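Student: Got a model here that I'd like to go through with you. Can we start at the ligand and work outwards?

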Amino acid sequence: MSLDVALIRQQFPILSRQVNGQPLVYLDNAATTQKPQAVIDALVDYYSQCNANVHRGAHYLSDEATKRYEKARVTVANYINAQRSEEVIWTSGTTEAINLVANGAAQRLTAGDEVLITEMEHHANLITWQQACKRSGASLKIVPIHNNGELNLEAFHELLSERTVIVAMPHVSNALGTINPVKQLTEAAKAKGALVMIDGAQGVAHGAIDVRDIGCDFYAFSGHKLFGPTGIGVLWGRYDVLADWPVWLVGGEMIASVTYEDASWGELPNRLEAGTPNIAGVIGLAAAVEWLQAYDRADIWAHEQALLTRATELAEQTPGLKIIGTAANKIGVLSFVIDGMHPADIGFILDKQGVAIRTGDHCAQPLMKRLNVPGTARASFTIYNSMDDVEALFKAIDKARKMLA
Ligand code: PMP
């Protein structure tokens, strides 16, 4: 069965607004997705009916808020096929989730240890490990990519060794759309005894995620790229690994007992969730997951691939346009440059026509340098984009080319 995109679009109020006097064509989904009415309603309902702090109050609302909050943990755990809901740690997003892992790791890494990342990292998975290595004396090893944006698998296997303590890699590149063979790479890393952390910020919204099938130790993602609210994300980790992972943030909620001299930490998930959490965000994220689960993953995948195929065809017919990132296995991301046009100018002219894309280095400055581009223009597709959106994108690009010629 195929998706009824018109019906899906009706559920996103923002998609019917105009920008710059033009109907909005929203193609910046890799930066953040829009929110369906079901998510907006869940947030309003929480604040208007149920607002209270969780795990604390001895009163009705606190009890109800706690139940909704913990039910959300189960929803998200099931969505990624976690074995236990306590393996789901709420964070503010992917960035905080990776920081939690890297800051914990920094307390254990020593000189001689190696951390393996890739050339295609978002800064969130680059600087975190770079700084963890600087602090601990471990070495940061970087797996190169091929010019088409695929990971150099041979180099990965060469760099992986008994010294590798952690492999941290993106499931999907935000700048190029490349999908990495994370299951296969995880298997190789585990055979060397390394821990594996996957930056799933771009992976989570496009295909079914099964953390047990991948076999990794940590998987991080953000709610806002999954039709949920900003300010909420997830660190999933294997129970035995998380259970004694060094704590990073300390404070209320995460303790077993406290004296003036010392403190001891509580059980999972609390030990890694200090302070009052983003309760509304958690409830909104669960609403997003429930909303998304109404659609068949294979249908979503086929729809996004059809949009990417058409966009790639049109890109190849556009004089002077070069696609950056042509991996065989990609999500619906089209990154490109056009001869003689700065990406920022392309973005500006498209915006005037109502077409929202992202331009710049995509938080991947070293990757842009490696690919020898100042940045790219990037259109990214999701469940609510239509073929008309793709046509509108290229109509706007043609206009930009004529204006800047
Ligand atoms: N990693 C990747 C691959 C991303 O695309 C992003 C967001 N652009 C992040 C990490 C960081 O996510 P957030 O800003 O939501 O923490």
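Student: How far is an oxygen atom of the ligand from a polar backbone atom of threonine 94?

Tutor: Some ground rules before the number: this is a predicted model, where local features need pLDDT of at least 70 and side-chain atom pairs count only at pLDDT 80 or more, while totals for chains, interfaces and linings use all residues. Residues are numbered from 1 along each chain as its sequence is written, and side-chain values use heavy atoms, with hydrogens and water left out. A polar contact here is a pair of N or O atoms within 3.5 Å. For the ligand oxygen and the backbone of threonine 94, the distance is 3.4 Å.

Student: And how far is a polar side-chain atom of histidine 224 from an oxygen atom of the ligand?

Tutor: Threonine 95 also has a side-chain N or O atom by a ligand oxygen, at 2.6 Å. For the side chain of histidine 224, the value is 2.7 Å.

Student: How much of the ligand's accessible area does the protein cover?

Tutor: Accessible areas come from the Shrake-Rupley method with a 1.4 Å probe. On its own, the ligand has 390 Å² of accessible area. The share covered by the protein is 85%.

Student: How many residues of each class make up the shell around the ligand?

Tutor: Residues count as near when one of their heavy atoms lies within 4 Å of the ligand, and they include His122, Asn174, Asp199, Gln202 and Lys225. Ala, Val, Leu, Ile, Met, Phe, Trp, Tyr, Cys and Pro count as nonpolar, Asp, Glu, Lys and Arg as charged, and the others, Gly among them, as polar. The split is two nonpolar, seven polar and two charged.

Student: Moving on to the helices, at what angle do α2 and α10 pack?

Tutor: Helices are DSSP runs of H or I with at least four residues, and strands are E runs of at least two. Axes are lines fitted to C-alpha atoms over the stretch in contact, with angles from 0 to 180 degrees between N-to-C directions. Helix α2 (residues 37–50) and helix α10 (residues 279–292) have axes 8 Å apart, and the angle is about 150°.

Student: Which peptide bond is cis, with omega of about 0°?

Tutor: Look in the loop between β12 (263–265) and α10, where proline 269 sits. The cis bond joins leucine 268 and proline 269.

Student: Which residue has a positive phi although it is not a glycine?

Tutor: Try the loop between β9 (218–222) and β10 (233–237), since that's the place of phenylalanine 227. With phi of about 70°, the residue is phenylalanine 227.

Notes:
A polar contact is a pair of N or O atoms within 3.5 Å; within protein, one must be able to donate a hydrogen and the other to accept it, and residues adjacent in sequence count only if both atoms are side-chain atoms.
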